[in-house]
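Grab a pencil and open the viewer. Below are a few short exercises, each followed by a worked solution.

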Amino acid sequence: MKQVAFLFSLFILFGCNSNENKPVIQKKLDKYFDYGSNTSLDREVRLIYIDSAKNLIQKTQTRDSILIKNYFKVANRYFGILEYEKYKLVTDEILKISESKKDTLNLAKAEYYLGDYYFSTSRNDSAYYYYLAAEKKYEKLIDKINLANTKLHKAYILSYEKDFIESETETIEVLNIAKELNDQELIYECYVNLGKVLTGLGNYEKALEYHQKSLLQINNVNEEAYKPIFQAQTFNNIGFVYLNLKKYKEASQIFAEGLKINNLKEIQPVFYASLLDNFAYSRFKISNKEGLNDFKLALEVSDKIEDVYSRINTRIHLTEYYLSKKDTTTALHYNEEANRLAKASKFNKEVLTTLEFYTKLKPKEGLFYAKEYIKLNDSLQRQERATRNKLARIEFETDEIIVEKEAISNQRKIILFSSLLIIFFGVLLYIILFQRSKQKELLFNQEQQKSNEEIYTLMLDKQEELDEARKAEKTRISQELHDGIMNRLTSTRLNLFVLTRKRDDETIQKCIEHINAIQDIEKEVRAIAHELNNEAFLTKGNFKTLLEELMHNQKQTYETECDCEMTQDDEIENVNAVVKMHVYRIIQEALNNINKYAKATKITLRLEVENHNLKLLIVDDGIGFNVKKAKNGIGLKNMYSRTQAINGKLEIFSEKNEGTTIKLKVKL
């Protein structure tokens with residue numbers, strides 16, 4: 001067997017490669033897990049596969065949820081082959097990872113697993129501590145199924161320590177949760193434990209009632225593989241109650257029913273050995289001539305599977321059997337073996353039974369064994385009381401710790417609330433002071449505005465004087481145009497009219513001189529027009545009027561709806577005259593293009609001064625155009641040229657059938 005195990009280990013060792021990708025590694029792990037849980041393989045071979053899975057996880061996987069999940073699988077398989085110490089090492093690692101990640105769910109599960117470890121190694125106080133810790137976490141997580149399983153294991157410990165009342169209370173709580181969740185297997189386990197607890201309390205009739213319920217409940221269990229095991233367990237429990245009632249005939253019938261379960265010896269040899277031993281014992285109690293062959297067969301099975309409790313119990317029964325036959329030598333042999341096994345495994349109740357038999361098998365040393373019996377019995381009673389007290393203390397101290405944590409949490413909440421309150425009042429004080437400052441600023445601004453109004457009144461007075469001067473200048477220019485330009489044009493027209501009657505060379509030569517005079521008139525008109533153009537925009541209080549007139553003409557001439565909005569007068573009028581002139585021409589060009597090509601139903605114009613920037617927005621809902629293709633047009637070129645002249649930024653956005661948006665921004 002060792003050679004086979006060695007070959008398996010070599011095969012697995014050379015089959016591992018830490019450089020493989022995750023899917024390949026997980027596939028290999030799943031294979032190891034399958035072999036590790038395969039009960040048809042020898043224990044040593046299964047152990048090699050489980051060890052290999054653990055080593056592969058440690059070499060290849062980082063600390064994440066998959067790592068924890070695989071570690072739990074390893075732990076489960078170690079537990080299945082009774083490798084409790086390796087099971088604990090893996091669980092401790094899970095606990096450490098879960099604590100570092102503050103993973104409450106896996107932390108609770110790891111504590112539950114540690115509870116199983118200590119319960120299986122007969123350290124019930126430690127098991128109770130970890131079950132209780134897991135229970136508190138599952139309560140906070142509102143994980144009812146895991147909470148119920150944890151509380152049930154607490155109930156098992158309480159029952160083992162003979163605190164039957166508390167065990168019954170815990171089990172009933174679990175039963176209520178199981179019924180709420182409709183968990184049929186958990187309901188079955190609750191009925192089983194209630195039957196055992198009531199047996200411990202000596203309430204055998206009620207115990208039989210719950211064991212009968214558990215027998216019926218097996219029909220509701222979904223997992224078919226569990227049913228024969230549950231049946232064997234339940235028949236064994238019912239038969240044990242009948243043994244306590246000394247109803248040996250009923251007990252033997254029940255044990256016989258359990259032994260009829262198909263393949264029980266292969267499926268669950270522990271229950272098979274127990275049923276066979278109890279069946280032999282019930283037959284022996286009916287008639288001391290029966291049961292020997294079944295006792296020996298039960299002993300053979302229990303020794304083979306190395307189930308300690310069955311080995312002890314069968315030897316005790318054989319001791320009683322041979323004692324009834326007055327074969328003290330054989331009885332003493334089995335009693336000594338039972339005593340040795342019970343002491344080694346710390347089965348103190350069974351040690352007491354062997355001591356009691358010693359008083360009958362060795363009457364000369366009966367007093368010694370009687371004293372040993374009394375001493376051990378008293379010690380066990382003290383230990384049971386101490387353990388029950390310890391369990392109660394663990395529960396109390398755990399609750400105290402929780403209360404302390406809640407107190408600390410509440411204290412932190414108070415500190416946080418106080419801090420927020422202080423911050424709130426600080427902010428409120430700041431707002432009050434800020435508002436006072438703003439109030440002072442407002443008063444200052446009001447005084448400033450009053451001063452500005454006085455200045456503005458003075459400016460208006462000056463403006464009237466300027467308007468009078470401007471009117472006089474316009475009259476002068478108008479007269480100059482009328483008297484100078486118009487007269488020269490009339491004279492030229494009349495001089496050129498002669499061409500309608502004469503076209504000889506001399507007449508034509510004279511007319512050419514008059515044509516050249518037209519160019520001089522053109523230059524004079526252009527100069528006057530340029531003078532008028534600049535003068536219009538150099539005048540404050542005139543720009544907004546010009547725009548309003550432009551928009552008024554737009555509305556009168558075209559059916560397009562116009563929405564115009566401009567900033568305050570003083571802000572717009574303070575803008576440089578050159579900037580105003582170019583902006584005005586850009587607006588003119590934009591409106592001209594809309595009227596000609598856009599087919600728009602609505603035009604929106606916004607002009608404002610904001611943060612030392614003059615901003616113009618013109619939007620229409622017309623048919624739009626291709627901006628890239630239209631950039632070469634004279635109108636758009638003039639708009640960009642004017643924008644460049646005043647160091648501005650012009651943006652035109654348009655899509656077919658999506659209208660046009662023009663944005664102009666000039667730094668003042």
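**Exercise 1.** Find which residue of β5 is the bridge partner of Ile618, then work out how β5 and its partner strand run.

*Solution.* Start with the pair itself: Ile618 is bridged to Ile662 in β5. Now go up to the strand level. This is a predicted model, and in it β3 (residues 613-620) pairs with β5 in the antiparallel sense, over 8 bridges. A second rung to check in the viewer is Lys615, whose bridge partner in β5 is Lys665.

**Exercise 2.** Sort the residues of β5 (residues 660-667) into a covered face and an uncovered one.

*Solution.* First, recall the rule: in a regular strand, side chains alternate between the two faces of the sheet. Next, walk along β5 and take every other residue. Thr660, Ile662, Leu664 and Val666 make up the covered face. Thr661, Lys663, Lys665 and Lys667 make up the uncovered one. Finally, tie this back to the bridges: Ile662, the partner of Ile618, sits on the covered face, whereas Lys665, the partner of Lys615, sits on the uncovered face.

**Exercise 3.** Identify how many bridges join β4 to β5, and which turn residue takes a positive phi.

*Solution.* Count the bridges first: β4 (residues 648-654) and β5 run antiparallel and are joined by 7 of them. One rung to look for puts Ser654 opposite Thr660. Then move to the turn. The β4 and β5 hairpin has 5 residues between its strands, and Asn657 has a positive phi near 65°.

**Exercise 4.** Do the same for β2 (residues 602-610) and β3: in which sense do they pair, and what is in the turn?

*Solution.* The pairing is antiparallel, over 8 bridges. For a sample rung, take Ile603, whose bridge partner in β3 is Asp620. The hairpin of β2 and β3 has 2 residues between the strands, and Asn611 in the turn has a positive phi of about 50°.

**Exercise 5.** Leave the strands and describe the two spans that UniProt labels as TPR repeats.

*Solution.* Locate them first: the unreviewed UniProt entry places "repeat: TPR" at residues 188-221 and 232-265. Residues 188-221 are 79% helix and 0% strand, with end C-alpha atoms 8 Å apart. Residues 232-265 are also 79% helix and 0% strand, and there the end C-alpha atoms lie 11 Å apart.

Conventions: Residues are numbered from 1 along each chain as its sequence is written. This is a predicted model: local features need pLDDT of at least 70, side-chain atom pairs count only at pLDDT 80 or more; totals for chains, interfaces and linings use all residues. Side-chain values use heavy atoms; hydrogens and water are left out. UniProt positions are given in the numbering used here, feature names are shortened, and annotations may be inferred rather than shown by experiment. Helices (H or I, at least four residues) and strands (E, at least two) are DSSP runs, numbered from the N terminus. Buried means under 20% relative accessible area, exposed over 50%, partly exposed in between (1.4 Å probe, protein chains only). Two strands pair if DSSP finds at least two bridges between them.
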